[in-house]
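Q: I am new to this structure and would like a close look at one part of it, the pairing of charged side chains. Please explain that part carefully, and then set it beside the other features of the chain.

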Amino acid sequence: MRATNLLRRAGVLLGTLALAFTGLSAAPAAAAELERVTGFGSNPGALTMYRYVPDDLPAGAPVVLVLHGCTQDAPGFTATYGWRAYADARGFALVAAQQETANNSSRCFNWFQAGDTSRDRGEMLSLRQMVAHTVSAVGADPSRVYVAGFSGGGAMAASALAAYPDVFAGGAVLAGIPHGCATSMAQAFGCMNPGATKTAAQWGDLVRAQNPGYGGPWPSVAVWHGTADTTVVPANADELVKQWTNAHGTDATADGTASLPGGVTRRDYGSSAGTAVRDYRVSGMGHAVPVRPSEGCGTAGAYTADLMCSTAYITADWGLGGTGPGDPGDPGEPGDPQTPACFTASNYTHVQQGRATVRYGYAYAVGSGDALGLWNVYTVTSLTETEPGWYERTASCG
């Protein structure tokens, strides 16, 4: 059985190399250090900037901005959640913003103050200046700039995507809150728990109000949330999905569902043009970020859950290259236990996302060739990725 799998894997990898999720491994940079950067702009939000640039980073590389949660700091955040390791492995410049106690006694980004979450104002402008300074300093690609944040930093990441859709191509909001939920500290606590409910259009209008008349593309958004989070309740993830599907002009009905390692369920929202929003729900996880220290992804900490490497999935969603520890779809070493990813979607979506092909109006699974039935949006099937790029029909996911 193992020999058959190896032969099958070799054939699949040769046939799908151009579409592979990851590339060749990059050795960790030995000399690069996380450095504090000053003079990056007027800095009206009085934030502190740190930057990590891997050795020999080529021109045209991406830039990722990360935003810590309350009580955290930038250096600890980049290490705890594996961001420095992935900057090395996947080849991007890493910018880590830090809040100071002079601005907020709990070191929370002020995501509940309009003067700090609006375009070209306060802390938001400071974040924009950090990114612009880095793009210029390292010759990065301005079209490949991304943002990720946890908790209060996740709420700030949502606002950054709303304020600067022309700057950020994508973002990840981990245990965060929709943009515009609160305009005062009193409202902030209510947004955290029990959460605020609005219509999708109302949430979307709060995003659009940041850039009236904006006609460009909206950034892709990944929402990560634990189902047992009592600090920032999971209802916020539901509202984030409503907000960003509305901003993208699509509905909040999932086009596909996947069961991932660590008890994670992923739902995709979008159209034939691509996935606009991805919703990752982590079963049983509280107020934390999924990491996998045993695979070199992050470290144990107060706000981590040893389940899977979220940083691997986040950077893969953005199309960043290279291979990092715990990459999604990484076959690992022979004998390593693997939890196959499972996808439930319409046959139309399976084809659009590369899991199936079409012949004479019928869909067939990539790799196994299993017949899936009619190629349309009404026929829903489940596929398990038993090997990278090899899909087999299954009765259901989960």
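The answer below begins with the chain as a whole, turns to the charged pairs, and ends with rings, a sheet and one residue.

A: This is a predicted model, in which local features need pLDDT of at least 70 and side-chain atom pairs count only at pLDDT 80 or more, while totals for chains, interfaces and linings use all residues. Residues are numbered from 1 along each chain as its sequence is written, and side-chain values use heavy atoms, with hydrogens and water left out.

The protein chain holds 11 helices and 18 strands, both being DSSP runs numbered from the N terminus (helices are H or I with at least four residues, strands are E with at least two). Of its 398 residues, 50% are buried, where buried means under 20% relative accessible area, exposed means over 50%, and partly exposed lies in between (1.4 Å probe, protein chains only). About 16,200 Å² of the protein chain is exposed, and carbon and sulfur atoms supply 53% of that area; accessible areas come from the Shrake-Rupley method with a 1.4 Å probe, and for residues only the protein chains shown count as cover. Among contacts (heavy atoms within 4.5 Å) between residues at least 6 apart in sequence, 66% join residues at least 24 apart.

Now to the charged pairs. Side chains of opposite charge can pair when their charged atoms come close. A salt bridge is counted when a side-chain nitrogen of Lys or Arg lies within 4 Å of a carboxyl oxygen of Asp or Glu, and by this rule there are 14 salt bridges. One of them joins R51 to E35, with their closest N and O atoms 3.8 Å apart. Because R51 belongs to strand β2 (residues 48-52) and E35 to strand β1 (residues 35-37), this pair ties together parts that are 16 residues apart in sequence. Its two members are covered to unlike degrees, since R51 is buried at 8% relative accessibility, whereas E35 is partly exposed at 38%.

Another salt bridge links the side chains of D120 and R119, at 4.0 Å from N to O. Here D120 is partly exposed, with a relative accessible area of 45%, and R119 is also partly exposed, at 27%.

In the salt bridge between D205 and R208, the distance from N to O is 2.8 Å. These two residues sit three residues apart in helix α8 (residues 200-208), a separation of about one helical turn. D205 is partly exposed at 43% relative accessibility, and R208 is partly exposed at 28%. Elsewhere, salt bridges that share partners join R266, D268, R278 and D317 into one network.

The rings can be set beside these charged pairs. Rings of Phe, Tyr and Trp (its six-membered ring) pair if their centres lie within 6.5 Å, and planes under 30 degrees apart count as stacked, over 60 as edge-to-face and the rest as tilted; the whole structure has 13 such aromatic pairs. Among them, W83 and F92 form an edge-to-face pair, 6.4 Å from centre to centre with 70° between the planes. W83 is buried at 3% relative accessible area, and F92 is buried at 0%. The pair of Y146 and W318 is stacked, because the ring centres are 4.7 Å apart and the planes lie at 15°. Y146 lies in strand β5 (residues 145-150) and W318 in the loop between α10 (310-317) and β13 (341-346), so this pair ties together parts that are 172 residues apart in sequence. Both Y146 and W318 are buried. A single aromatic cluster is formed by F77, Y81, F150 and Y303.

Strands of a sheet pair through backbone hydrogen bonds, either parallel or antiparallel. Two strands are taken as paired if DSSP finds at least two bridges between them. One open sheet has three strands in the order β14-β15-β16, paired in the antiparallel sense. β14 (356-359) and β16 (371-374) stand at its edges with a single partner strand each, so one side of each has no neighbour in the sheet. Four bridges make up the antiparallel pairing of β14 with strand β15 (residues 362-365), and A356 stands opposite A365 in β15.

Finally, T384 is found in strand β17 (residues 380-387) and is buried at 15% relative accessibility. Leaving aside residues up to four places away in sequence, T384 touches P340, A341, C342, W390, Y391, E392 and T394.
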